[in-house]
Amino acid sequence: MIDYNEKKLAVVTGGSRGIGKECALELAKVGYDIVITYAGNDDAANKTISEIKTLNVDAEAYKFDVSNSDECKENITKILEKHGKIDALINNAGITRDNLMLRLTNDAWDNVINTNLNSMFYMTQPIIKAMMKKRQGVIINMSSIVGIYGNAGQTNYSAAKAGVIGFTKSLAKEVASRNIRVNAIAPGFIQTDMTKDLETSKIVEAIPLKRLGEASDIAKTAKFLIVDAPYITGQVLCVDGGLVI
Ligand code: NAP
């Protein structure tokens, strides 16, 4: 029997800032206790935790590198020991290291693939094990529209984000019978630290809805997929103002 009074726990990687922070706040608004993870920005993480706590849920931050398999395992073990379960996982942490192919370094390639794609495997494997035992769980993986339609100067990032889509669809098929849903969100151009240096006037012109996205546009979609969409799995939802129509 489902216990509707049971507290739920969501883990959001890269939850200190930007899209991850808004996702954490959106889930806190509907009563989820929150674990955010982050790489190093203690001030941002502490501020986010204080904001989440004003919504009367538990919130804690774990600092570790999602591109490091051992650190992911170690921290997920701690979270599971403390909470006994994880109901929702948002694999959101990501970076860009843009350059044209001829100038792209091995480091820029490896860092982006490790942080944006390999991290999904490192985070998901130990968590899905716990979800399978409970026969319940929801996972959202943050892709990007450039994983669908490409972008000059972002071969590393687009490859990682396309990989996220294949990962999402395959895992959705693998775990559906255990009542676990896995979807991806492909944001368009969202106003965060990641995009703050972009020249955006031409981009806005190309967006049918004629505005850049807000982190809250993505967060509302994540909340919808986690809370209100029990029959949706294996999908990639573009949240991009119509850019990829
Ligand atoms: P952001 O504002 O730059 O925030 C990135 C977050 O990821 C921060 O919390 C950062 O932690 C964390 N992070 C980065 N590297 C990490 C690592 N190695 N280990 C652990 N945490 C790490 O980025 P955003 O714009 O919100 O993007 C969030 C996700 O959406 C990313 O996957 C991005 O690729 C995707 N996305 C964004 C856009 C966009 O237009 N903004 C579009 C499409 C897809 P610290 O605070 O400690 O640095």
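Which helix joins S2 and S3 in a right-handed β-α-β unit? In this predicted model, the answer is helix H2 (residues 42-53), which completes the right-handed unit together with S2 and S3. The paragraphs below start with the chain as a whole, return to the strands around S2, move on to those around S5, and end at the ligand.

The chain contains 8 helices and 7 strands. Its C-alpha trace spans about 55 × 40 × 35 Å along the principal axes. A compact globule of 245 residues would have a radius of gyration near 18 Å, and the 17 Å found for the chain therefore agrees with that expectation. Of the 245 residues, 48% count as buried.

Strand S2, made of residues 33-38, is a good place to begin a closer look. This strand is mostly covered, with 6 of its 6 residues buried. In a regular strand, side chains alternate between the two faces of the sheet. In S2, Asp33, Val35 and Thr37 point one way, while Ile34, Ile36 and Tyr38 point the other way, and all are buried. The route into S2 can be followed along the chain: it leaves S1, passes through helix H1 (residues 18-29) and arrives at S2, making a right-handed β-α-β crossover.

S2 has a parallel partner in strand S1 (residues 9-13), and 5 bridges link the pair. Within this pairing, Thr13 has Thr37 of S2 as its bridge partner. S2 also runs parallel to strand S3 (residues 59-63), again with 5 bridges joining the two. Here the residue to look for is Tyr38, whose bridge partner in S3 is Lys63. Tyr38 is also one of the buried residues of S2 noted above.

A comparable description can be given for strand S5. All 6 of the 6 residues in S5 (residues 137-142) are buried, so this strand is largely enclosed by the rest of the structure. Gly137, Ile139 and Asn141 lie on one side of S5, with Val138, Ile140 and Met142 on the other, and both faces are covered. The chain reaches S5 from S4 by way of helix H4 (residues 106-134), and this β-α-β crossover is right-handed.

Strand S4 (residues 88-91) runs parallel to S5, and 4 bridges join them. One position to locate in this pairing is Asn91, whose bridge partner in S5 is Asn141. S5 also pairs in the parallel sense with strand S6 (residues 180-187), over 6 bridges. In that pairing, Ile139 stands opposite Val182 of S6. Ile139 and Asn141 belong to one side of S5, and both are buried.

The last part of the picture is the ligand. A total of 31 residues surround the ligand, and the closest are Ser16, Gly40, Asn92, Tyr157 and Thr192. Ser16 places a polar side-chain atom 2.6 Å from an oxygen atom of the ligand. Gly14 contributes through its backbone, with a polar atom 3.2 Å from a ligand oxygen atom. On the nitrogen side, an N or O atom in the side chain of Asp65 lies 2.8 Å from a nitrogen atom of the ligand. On its own, the ligand has 910 Å² of accessible area, and the protein covers 93% of this.

Technical notes:
Residues are numbered from 1 along each chain as its sequence is written. This is a predicted model: local features need pLDDT of at least 70, side-chain atom pairs count only at pLDDT 80 or more; totals for chains, interfaces and linings use all residues. Side-chain values use heavy atoms; hydrogens and water are left out. Buried means under 20% relative accessible area, exposed over 50%, partly exposed in between (1.4 Å probe, protein chains only). Two strands pair if DSSP finds at least two bridges between them. A crossover is right-handed if, with the strands pointing away from the viewer, the path from the first strand over the helix to the second runs clockwise. A residue is near a molecule or strand if one of its heavy atoms lies within 4 Å of it. A polar contact is a pair of N or O atoms within 3.5 Å; within protein, one must be able to donate a hydrogen and the other to accept it, and residues adjacent in sequence count only if both atoms are side-chain atoms. Accessible areas come from the Shrake-Rupley method with a 1.4 Å probe; for residues, only the protein chains shown count as cover. The radius of gyration is taken over C-alpha atoms; the globule rule is 2.2 Å times the number of residues to the power 0.38.
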